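Here is a short tour of one protein model, written to be read alongside the coordinates. Keep the viewer open and follow each stop in turn.

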Amino acid sequence: MFRITIAAAVVLSLGACTTVKHAPISQDSLSKLEGKSIVSARYGQPDFTAFTAGKAAFAMLGAAAMVSEGNAIVKENGIEDPASAISAGLQSKLASLKNTTAVNASGVAAKDDVATVVAASPGGDYVLDVKTLIELPSAA
């Protein structure tokens, strides 16, 4: 039952991606991808907050405890950051449609500003940047 609850929390957290403003790529830019190499940017594992009423009563200390407990749940259950799977799926689609070559980033970006992501993602013509922005609290 615990694993089902965790799985449900992870699935619900994917809904957070829908709040991002989508900006479709132009046809001109899309044609420039033909035959190019694309590096998938990488980030560290995002924090997951296990929200409980008991911990919420302790404000900032409770918040730190919720993040700690949430991260432990993620680690114990082997929950992967969905951004990795999304990036791999996009890479696969680009390879089949535009004959691109996928390149894995050699570094991990500490921040999501353009300069940091590009510096952590050498070896390609373009960088595919997919990042989990938030994790929704679980109803534990």
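Is N77 buried or exposed? In this predicted model, N77 is buried, because its relative accessible area is 19% and the cut-off for buried is under 20%. N77 sits in the loop between α4 (59–76) and α5 (82–98). A polar atom of the N77 side chain lies 2.9 Å from the backbone oxygen of I73.

**The overall layout**

With that residue placed, let us step back to the whole chain. The protein has six helices and three strands. Followed along the sequence, these elements come in the pattern α-α-β-α-α-α-β-α-β. The protein has 140 residues, and 29% of them count as buried.

**Salt bridges**

Now for the charged side chains. The count of salt bridges comes to three, and the table gives each pair with the distance between N and O.

| Lysine | Aspartate | N to O distance |
|---|---|---|
| K32 | D28 | 3.7 Å |
| K111 | D113 | 3.7 Å |
| K131 | D112 | 3.4 Å |

The bridge between K131 and D112 links distant parts of the chain, with the two positions 19 residues apart in the numbering. K131 belongs to the segment after β3 (126–128), while D112 belongs to the loop between β2 (101–104) and α6. How accessible are the two partners? K131 is partly exposed, with a relative accessible area of 35%, and D112 is also partly exposed, at 42%.

K131 has another contact to look for in the viewer. This lysine lies over the face of Y43, at 4.9 Å from the ring centre. K131 therefore meets the distance part of the rule for a charge over a ring, which asks for NZ within 6 Å of the ring centre. As for pairs of aromatic rings, the count comes to zero.

The bridge between K111 and D113 joins residues that fall into two classes of accessibility. K111 counts as exposed, at 51% relative accessibility, so this lysine is just past the cut-off of over 50%. D113 is partly exposed, with a relative accessible area of 30%.

In the remaining bridge, the side chain of K32 meets that of D28. K32 is partly exposed, with a relative accessible area of 45%.

**Helix α6 and a nonpolar patch**

Which residues make the nonpolar surface patch? The patch is made by V114, V118 and V127, and its area is about 250 Å². V114 is found in helix α6, which covers residues 114–119. V114 is exposed, because its relative accessible area is 66% and the cut-off for exposed is over 50%.

A119 is also in helix α6. This alanine counts as exposed, at 61% relative accessibility. A119 and A105 are 14 residues apart along the chain, and their C-alpha atoms are separated by 9.8 Å.

**Strand β3 and a contact across the sequence**

Y126 takes its place in strand β3. At 32% relative accessibility, Y126 counts as partly exposed. How far apart are the C-alpha atoms of Y126 and K36? They are separated by 7.6 Å, although the two residues are 90 residues apart along the chain.

**A backbone angle worth a look**

The last stop is N99, which lies in the loop between α5 and β2. Phi of N99 is near 55°, a positive value in a residue other than glycine. Most residues other than glycine have a negative phi. N99 is exposed, with a relative accessible area of 52%.

Technical notes:
Residues are numbered from 1 along each chain as its sequence is written. This is a predicted model: local features need pLDDT of at least 70, side-chain atom pairs count only at pLDDT 80 or more; totals for chains, interfaces and linings use all residues. Side-chain values use heavy atoms; hydrogens and water are left out. Rings of Phe, Tyr and Trp (its six-membered ring) pair if their centres lie within 6.5 Å; planes under 30 degrees apart count as stacked, over 60 as edge-to-face and the rest as tilted. A charge sits over a ring if NZ of Lys or CZ of Arg is within 6 Å of the ring centre and within 35 degrees of the ring normal. Patches are made of residues with over 30% relative accessible area and no salt bridge: like charges are joined within 9 Å, nonpolar side chains (Val, Leu, Ile, Met, Phe, Trp, Tyr) within 5 Å. Accessible areas come from the Shrake-Rupley method with a 1.4 Å probe; for residues, only the protein chains shown count as cover. A salt bridge is a side-chain nitrogen of Lys or Arg within 4 Å of a carboxyl oxygen of Asp or Glu. Helices (H or I, at least four residues) and strands (E, at least two) are DSSP runs, numbered from the N terminus. Buried means under 20% relative accessible area, exposed over 50%, partly exposed in between (1.4 Å probe, protein chains only). A polar contact is a pair of N or O atoms within 3.5 Å; within protein, one must be able to donate a hydrogen and the other to accept it, and residues adjacent in sequence count only if both atoms are side-chain atoms.
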